[in-house]
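Subject: Handover of a structure

Dear colleague,

Please find below the structure that I am handing over to you. I would be grateful if you kept it open while reading the notes that come after it.

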Amino acid sequence: MWDLLLTRARVATMDGAAAYGLIEDGAVAVEGERIAWAGSRRDLPAGASARREIDCGDGCITPGLVDPHTHAVYGGNRAAEFEQRLRGATYEEIAGRGGGILSTVRATRAAGEDALLAAATPRLERLRAEGVTTVEIKSGYGLDRDAELAMLRAARALGEQLGITVRTTYLGAHAVPPEFAGRTDDYVAFVCDEMLPLVARERLADAVDAFCERIAFSPEQTARVFGAAARLGLPVKLHADQLTDGGGAALAARYGALSADHLEHTSRQGVEALAAAGTVATLLPGAYYFLRETKLPPIDDLRACGVRIALATDCNPGTSPATSLLLMANMACVLFRLTPEEALAGITRNAARALGMAADAGTIVAGKYADLVLWDVEHPAELAYAIGTNPANTIVRHGEVRPSP
């Protein structure tokens with residue numbers, strides 16, 4: 001006898017050759033934290049039963065959603081900079097005046113761990129209510145020892161308190177803090193020689209990220225960070241080619257990065273490098289929209305080269321104050337011309353791969369975690385179609401059932 005059996009559902013497994021991996025009149029069985037069986041209801045084993053059964057009423061089941069790129073732990077907000085950009089200031093101009101990331105650094109350092117946790121909780125609650133069962137959270141707004149550790153600890157605590165899988169990423173190479181102004185190489189040495197060993201020793205990070213851009217860190221400096229991460233056994237990710245083509249995608253590929261993110265200015269050569277390395281391209285339509293960018297990511301090249309495409313909210317105070325992964329799916333379709341199936345793959349199967357979690361999440365396959373969402377829709381394409389709605393009915397995370405708020 002199984003612990004849970006969901007029946008009479010259109011099951012979008014996101015696995016297999018069929019569109020969406022769709023099983024009409026399907027069923028999913030759960031034993032403990034894992035999926036025990038998934039298939040057509042008519043193929044259920046004889047005498048199949050469960051301690052709890054849910055009749056899905058012809059609703060649609062998908063894997064639990066995965067948000068593979070957020071900065072959800074931070075202090076303050078940057079609404080004033082939003083106004084400045086609407087008056088014509090560019091992201092780089094604001095950063096050059098001490099705003100941008102550094103303004104959030106000041107607010108984050110002043111907040112403390114408890115305040116950071118309290119501020120981030122409603123952001124994660126909104127994601128969770130929309131069917132997100134796994135989320136990545138980066139540091140990078142502390143940029144000193146104590147504040148970076150506080151961010152990572154707050155991120156870990158969010159997962160424990162809210163019952164959501166949180167993968168943490170150390171993003172010390174996000175910006176150069178004021179105390180290292182004019183000494184970028186010295187700050188990179190601090191990240192590599194002091195912070196990375198400490199973060200690894202305390203097991204506070206699942207990956208390491210960097211912002212490789214002319215207003216942040218050069219390819220050579222980023223390579224130093226990635227080399228140090230590799231020596232500690234930590235996988236890497238990269239903010240790549242968002243504002244210029246600085247060769248970030250190729251650099252990420254050279255280090256076998258889990259993902260390269262943004263990619264608006266990535267060249268064909270960079271895309272080919274991602275394909276060869278198996279690195280996921282994580283696109284961030286919220287930042288593209290919020291910054292009113294006009295340079296599209298190289299979608300056609302990514303498709304032609306077979307690069308997996310993930311989508312994320314990029315939840316952050318400056319360029320994407322977003323907490324709706326379904327809205328990102330819609331934006332990816334409208335702004336980037338992804339298909340609804342590509343968008344759903346981008347927030348399930350490919351997003352899990354971008355976090356190094358393909359073996360446990362992202363598809364409805366026996367043996368993977370029982371992270372599932374029952375939606376009040378007839379077809380999975382509706383998830384990328386409607387704007388501003390949340391049709392989540394029931395969410396299952398690691399086999400635990402909870403109704404959507």
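The paragraphs below set out what was found, beginning with the sheet. Please bear in mind throughout that this is a predicted model.

The sheet. An open sheet is built from 8 strands, and their order across it is E6-E7-E8-E9-E10-E11-E12-E13. The pairing in this sheet is parallel. At its edges are strand E6 (65-67) and strand E13 (309-311), each of which pairs on one side only. From one strand to the next, the twist averages 25°.

For a closer view of one pair, please look at strand E8 (residues 165-173) and strand E9 (residues 207-212). These two run parallel and are joined by 3 bridges. Here Thr-169 stands opposite Ala-207 in E9.

Helices on the sheet. Helix H4 (residues 113-129) packs on the sheet, where it touches E6 and strand E7 (132-138). The direction of H4 makes about 145° with that of E7. Helix H7 (residues 219-231) lies across E8, E9 and strand E10 (237-240). Relative to E9, helix H7 runs at about 175°.

The nonpolar cores. The largest nonpolar core has 106 residues. Which of its residues touch the most other members? They are Val-73, Leu-124, Ile-137 and Val-225. Leaving aside residues up to four places away in sequence, the contacts of Val-73 include Leu-116, Ala-120, Ile-137, Met-151 and Leu-158. Arg-123 and Tyr-141 are also among the residues that Val-73 touches. Another core, of 16 residues, lies apart from the largest one; among its members are Leu-6, Ala-9, Ala-370 and Val-396.

Two residues with positive phi. Most residues other than glycine have a negative phi. Asp-25, however, has a phi near 50°, which is positive. Asp-25 is found in strand E2 (residues 22-31). The second case is Asp-241, whose phi is near 55°, again a positive value in a residue other than glycine. Asp-241 is found in the loop between E10 and helix H8 (248-254).

Are these two residues buried or partly exposed? Asp-25 has a relative accessible area of 34% and is therefore partly exposed, as the range for that class runs from 20% to 50%. Asp-241 has a relative accessibility of 1%, so this residue counts as buried, the limit being under 20%.

Yours sincerely,
A colleague

Notes: Residues numbered from 1 in each chain as written. Predicted model: local features only at pLDDT ≥ 70, side-chain atom pairs only at ≥ 80, totals over all residues. Heavy atoms only, no water. Pairing = 2+ DSSP bridges. Helix = DSSP H or I, 4+ residues; strand = E, 2+ residues; numbered from the N terminus. Axes fitted to C-alpha atoms, helices over the stretch in contact; angles between N-to-C directions. Contact = heavy atoms within 4.5 Å. Buried < 20%, exposed > 50% of the residue type's maximum accessible area, 1.4 Å probe, protein only. Core = buried A, V, L, I, M, F, W, Y, C linked by side-chain atoms within 4.5 Å.
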